[in-house]
Every structure is written in structure tokens, then in C-alpha cells.
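Colleague: I'm new to reading folds like this one, and I'd like a close look at the buried inside. Please pick your spots and take me through them slowly, one after another.

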Amino acid sequence: MVPSSRLSGLHETSREERLARVAEATGLDASMVAAFAAASAPLGETADHLVENVIGTINVPLGIATNMTVDGEDVLVPMATEESSVVAAVCNGARQCRGAGGITTSTTGSLMIAQLQVLGLADPFATRAALFERKTEIAALCDAVDPMLVKLGGGLRDIEVRILDTDPPMTIVHLIVDTRDAMGANAVNTMAETLAPDIERWTGGRVSLRILSNLADRRLVRARGLWPAEAIGGEAVRDGIIAAGIFAAADPYRAATHNKGIMNGVSAVVLATGNDTRAVEAGAHAYAARSGRYSALTRWEKTADGALAGTLEMPLAVGIVGGATRVHPTARMALDIMGITTADRLARVAGAVGLVQNFSALKALATEGIQRGHMSLHAKNVAIAAGAQGPEIVAVARELVARKAVRVEVAEEVLATLRAAPKP
Ligand code: NAD
């Protein structure tokens with residue numbers, strides 16, 4: 001336990017000093033601190049300006065998913081993830097649908113929603129009607145906040161006023177804003193905060209919360225792909241995937257894991273491009289529960305000519321400007337690798353990756369099970385955890401897979417044997 005978590009003035013010191021103070025307070029080993037500082041160095045000072053109290057960075061592997069075709073264009077997709085099987089699963093799943101044209105997508109536009117919570121209204125329904133009369137005025141006030149966004153074709157598009165069935169009823173104003181190539185959280189939050197005093201003046205109520213909704217259900221991506229039965233191992237595999245999809249659509253316990261698999265792909269693209277993974281995750285899960293019962297974000301069917309058809313529908317609020325997207329050098333390179341110049345295309349690619357990821361997970365689950373592929377990739381992690389270095393990592397991992405025992409204590413034993421063996 002740290003003697004005191006009160007490290008006064010930590011944010012005012014340099015990264016090195018912060019790390020030294022944390023190391024001292026927690027009794028960190030000096031070699032561990034040195035290794036961490038070296039691994040953190042490459043991002044340089046950028047990280048120091050992104051969040052508070054930075055002591056370094058955690059590096060997540062950036063892998064490239066191959067074989068992806070999205071809307072007729074091939075694309076190499078950078079994915080940031082620590083989970084072993086994620087990139088390989090996309091490469092495999094995409095290979096099996098490329099012959100049939102890859103993934104085709106559509107989007108509903110780049111509309112975000114900001115909410116204003118209006119309290120203390122005697123007559124919420126009359127107020128609601130009166131607010132709609134001010135739509136043009138509201139649009140002018142919101143657009144004046146962000147002339148840059150308006151110049152680029154964005155700005156306020158519509159308003160909604162919802163009366164929640166609470167006691168007393170609560171009036172919620174939605175600002176629906178086209179945020180173009182930005183994810184748009186800051187943009188719409190600023191509009192909501194700016195508009196709040198006017199809403200109070202007009203309604204006589206009190207505006208409390210002013211914040212976007214991550215349920216970005218006006219910023220949907222839809223993706224579909226075809227996997228011919230012969231490309232995926234036959235009709236039994238196809239039918240197994242369809243049955244797995246029906247299971248997920250019907251059962252929240254299964255749907256949570258099914259959607260987690262989709263997000264393995266989506267979040268890895270979102271992270272690689274410096275976007276907000278939590279915003280996209282929150283939107284995805286809220287959308288999955290929109291009927292009142294949590295369900296799957298994908299559907300799997302058999303086409304009239306016997307192929308497997310997969311579809312995905314989910315909100316995907318991502319940007320190519322704003323937040324960390326332009327600041328983080330890796331994020332910029334990730335966009336360049338994909339040749340992406342619009343947020344719309346980024347959402348399409350991320351959605352396509354989510355669908356392909358889901359295909360691969362369901363295929364593995366419906367056939368040999370997830371563990372064989374997963375554990376053989378995970379074996380290297382286990383070998384490293386047991387202390388293997390350099391060429392030992394692959395040697396130990398191979399032995400763990402051969403023994404069907406991908407466990408640290410087995411890795412330690414294998415490593416000890418390897419090191420004790422006479423060198424050729
Ligand atoms: P931002 O404010 O940094 O950038 C958006 C601004 O960039 C726009 O308002 C516009 O003025 C300008 N711009 C320049 N070129 C543009 C273009 N081509 N298209 C659109 N706008 C352009 O960022 P943001 O996208 O408004 O907000 C994203 C950040 O907000 C993320 O870092 C996210 O983590 C954070 N955030 C998220 C939440 C949440 O999800 N609940 C809440 C608060 C903040």
C-alpha cells in the first residue's frame with residue numbers, strides 16, 4: 001500500500017520527476033522504472049499534453065489486417081490491440097469473403113445528439129411546442145458557436161424535445177448536429193452549454209446537464225458480406241454460424257460476448273486512429289439494447305443460393321479531426337495507411353472489421369472451438385510471462401501448444417529444461 005496517495009503538485013512537475021515520485025512512493029524496482037521509461041520515450045512529449053500526471057505511455061501492438069475489401073476498395077487496416085487472436089481473425093475472415101466482393105457498407109450521416117436537461121417546468125408539453133417554434137433561432141445560436149464546422153457543411157440540423165415519464169416529468173432537448181469529420185463531442189457540448197441560458201430564459205426552467213449522448217443512433221454504419229459455403233468449409237460450418245447468430249440475437253448472456261467479439265475489431269481500429277474507444281463502446285452496447293432487451297449487433301442468414309450472409313448495424317461516432325486524432329503520430333499514420341480522408345470512410349472500415357471479426361469468432365466457436373487458435377497465439381504471451389527471451393519465446397510457445405498446456409507453470413518448466421539442455 002502506498003503510504004499516501006496525496007502527491008501534491010504532481011501535475012506541475014516534469015514527466016521524469018513524476019515517475020521518480022511515484023517510484024519512490026510505491027517502492028518500484030529501479031530496473032523496472034528504467035525499462036518503462038525507455039519503452040515510453042518514443043512518443044516523446046506528445047503524451048505529456050494529452051492527459052494529466054503523465055509518467056509515460058503503455059505501448060499496445062499495432063497490427064495490420066490484410067485481405068480487407070470495403071466498398072470495392074482494398075484497404076490495409078491498422079489495429080491496436082493487446083489480444084492475441086484479433087488481427088489474425090480479421091485476416092482469415094476477410095480472405096474468405098474477398099472472392100465474393102468483400103464488405104459493402106452504408107452510413108446514415110454524421111449526426112450527433114447533445115442533450116439539455118430542463119427541470120422545473122410547470123407545463124412541459126406547452127414548453128415543448130414553444131421550443132419547436134424557435135428552431136431557426138436555436139440553429140442560428142448553435143451554428144454561431146462553431147463557424148468552422150458550418151463552413152465545412154456541418155451545424156445544427158434539427159431539434160427534438162422529449163418529455164420523460166419521471167416524477168415530475170423531465171424535459172430533454174436534443175440538438176442534432178452534423179459534425180462532419182469530427183467525432184463531435186466537444187463541438188456539440190459547447191453548443192449545448194452556450195444555448196442553455198437562452199433555453200432557461202425562454203422556458204423559465206433550469207437547465208442542468210448539457211452533454212452529448214453516446215447513443216449515436218443517427219450515426220449508424222451498416223455493413224454486409226457474403227461468405228460462399230465452399231470458402232468457409234462447407235454447409236455445416238455455415239449452418240453452425242447461423243445457429244450461433246440466432247443464439248446471440250435471442251440471449252443477452254451470449255449477445256454480450258458476441259458483441260464483445262465485434263468490438264475486438266471495431267475498438268482496435270478506433271484506438272489505432274486515436275479515437276474514443278469508450279464512446280464507441282457505449283454507443284454500441286446502448287444500441288444493442290434499444291429494443292429493451294440486449295441483443296446482437298449482427299445477423300447471420302443463408303442466401304437463396306446457399307451462401308452465408310452477415311450484416312452488422314451499429315452507431316460508430318469516429319473522427320479524423322479533433323481529440324487525439326491529429327495530435328498522435330500513430331493515429332495520423334494509421335489513417336494514411338488506410339488512405340482515409342473522411343470520418344465516414346473510417347466508420348465504414350471499422351464497421352466492416354467488426355463484421356469480419358464476428359464471422360471469424362463464430363466460425364471458430366461453431367467448429368473447433370475458440371481455444372485452439374486463441375491459445376496457440378496466446379502461447380507466446382505465456383512464454384514471455386514465464387521469462388522466455390529472444391528465440392526462447394517461439395521455442396517455448398511451440399512446446400506449450402504441442403503439449404496442449406498453455407500455462408505459465410508449464411512454460412516455466414519448459415524454459416528451465418530448454419536452458420539446461422546442452423547447446424549444439
Ligand atoms: P474537437 O473539438 O477537438 O474538434 C472538433 C472541431 O474541429 C469542430 O468543432 C470544428 O470546429 C473543427 N473542425 C476542423 N475541421 C473539421 C472537419 N473537417 N469536420 C468537422 N470539424 C472540423 O473534437 P470533437 O470531435 O468535437 O470531440 C472529440 C473529443 O471529445 C474526443 O477526444 C472525445 O474523447 C472527447 N469527449 C467525449 C465525450 C463522450 O464521448 N461522452 C465527452 C466529452 C469529450
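Modeller: Let's start with how the pieces get their names: helices and strands are DSSP runs, of at least four residues for a helix and at least two for a strand, numbered from the N terminus. Keep in mind that this is a predicted model.

With those names we can find our way to threonine 179, which sits in the loop between strand S6 (170-178) and helix H8 (185-203). Is threonine 179 buried or exposed? Its relative accessibility is 1%, and buried means under 20%, so threonine 179 counts as buried. Setting aside residues up to four places away in sequence, threonine 179 touches Ser110, Met112, Leu149, Gly184, Val188 and Arg219. With arginine 219 there is a polar contact too, side chain to side chain, at 3.2 Å.

Now hop to another threonine in a loop. Threonine 273 lies between H10 and H11, and it is buried, with a relative accessible area of 0%. Which residues does threonine 273 contact, once its neighbours within four places in sequence are left aside? They are Thr325, Ala331, Ala334, Leu335, Met338 and Leu346. Closer along the chain, a polar atom of the threonine 273 side chain lies 3.0 Å from the backbone oxygen of valine 270.

Follow the chain out of that loop and you get to helix H11. At its start, a side-chain oxygen of aspartate 276 comes to within 3.1 Å of the backbone nitrogen of arginine 278. H11 covers residues 277-288, which makes 12 residues, and from first C-alpha to last it reaches 16 Å, close to the 16 Å expected at 1.5 Å a residue. Which residues of H11 are buried? Thr277, Ala279, Val280, Gly283, Ala284, Tyr287 and Ala288 are. Looking down the axis of H11, you'd see these buried residues fall within an arc of 165 degrees, so they line one face of the helix. Here is the background for that: an α-helix has 3.6 residues a turn, so residues three or four places apart point the same way. And what covers the buried residues of H11? The cover includes strand S8 (220-227), helix H10 (252-272) and strand S10 (308-315).

Strand S8 is a handy link to the rings, as tryptophan 227 belongs to it. There are three aromatic pairs in total. In one of them, tryptophan 227 and tryptophan 300 are tilted, with 5.4 Å from centre to centre and 55 degrees between the planes. This pair links distant parts of the chain, since tryptophan 300 is in strand S9 (residues 298-302), 73 residues from tryptophan 227. Tryptophan 227 has 0% relative accessibility and counts as buried, and tryptophan 300, at 4%, counts as buried as well. Tryptophan 300 also has a tilted pair with phenylalanine 359, at 6.3 Å centre to centre and 45 degrees between the planes. Phenylalanine 359 is in helix H13, so this pair ties strand S9 to a part of the chain 59 residues away in sequence. Phenylalanine 359 is buried, as tryptophan 300 is. Put the ring pairs together and Trp227, Trp300 and Phe359 form a cluster.

Let's step back to the nonpolar inside. The largest nonpolar core holds 55 residues, and Trp227 turns up here again: Met68, Val77, Met79, Trp227, Met314 and Leu316 touch the most other members. Which helix gives the most to this core? Helix H13 (residues 343-366) does, with 10 residues. For a feel of one member's surroundings, take methionine 68: beyond its neighbours within four places in sequence, its contacts include Val77, Val90, Ala94, Ala352, Val353 and Val356. There is also a second, separate core of 30 residues, which includes Leu116, Val177, Val188 and Ala196. You have met Val188 already, as one of the residues that threonine 179 touches.

For contrast, finish with arginine 162 in strand S5 (residues 155-164). At 35% relative accessibility, arginine 162 counts as partly exposed. Among the residues it touches are Gln115, Met170 and Ile172, and its side chain makes a polar contact of 3.1 Å with the side chain of histidine 174. Glutamine 115 is 47 residues from arginine 162 along the chain, yet their C-alpha atoms are separated by 10.0 Å.

Note on methods:
Residues numbered from 1 in each chain as written. Predicted model: local features only at pLDDT ≥ 70, side-chain atom pairs only at ≥ 80, totals over all residues. Heavy atoms only, no water. Expected span 1.5 Å × (residues − 1). Buried < 20%, exposed > 50% of the residue type's maximum accessible area, 1.4 Å probe, protein only. Arc of directions from axis to C-beta. Contact = heavy atoms within 4.5 Å. Polar contact = N/O pair within 3.5 Å; in protein donor to acceptor, adjacent residues only side chain to side chain. Core = buried A, V, L, I, M, F, W, Y, C linked by side-chain atoms within 4.5 Å. Phe/Tyr/Trp six-rings, centres within 6.5 Å; stacked < 30°, edge-to-face > 60°.
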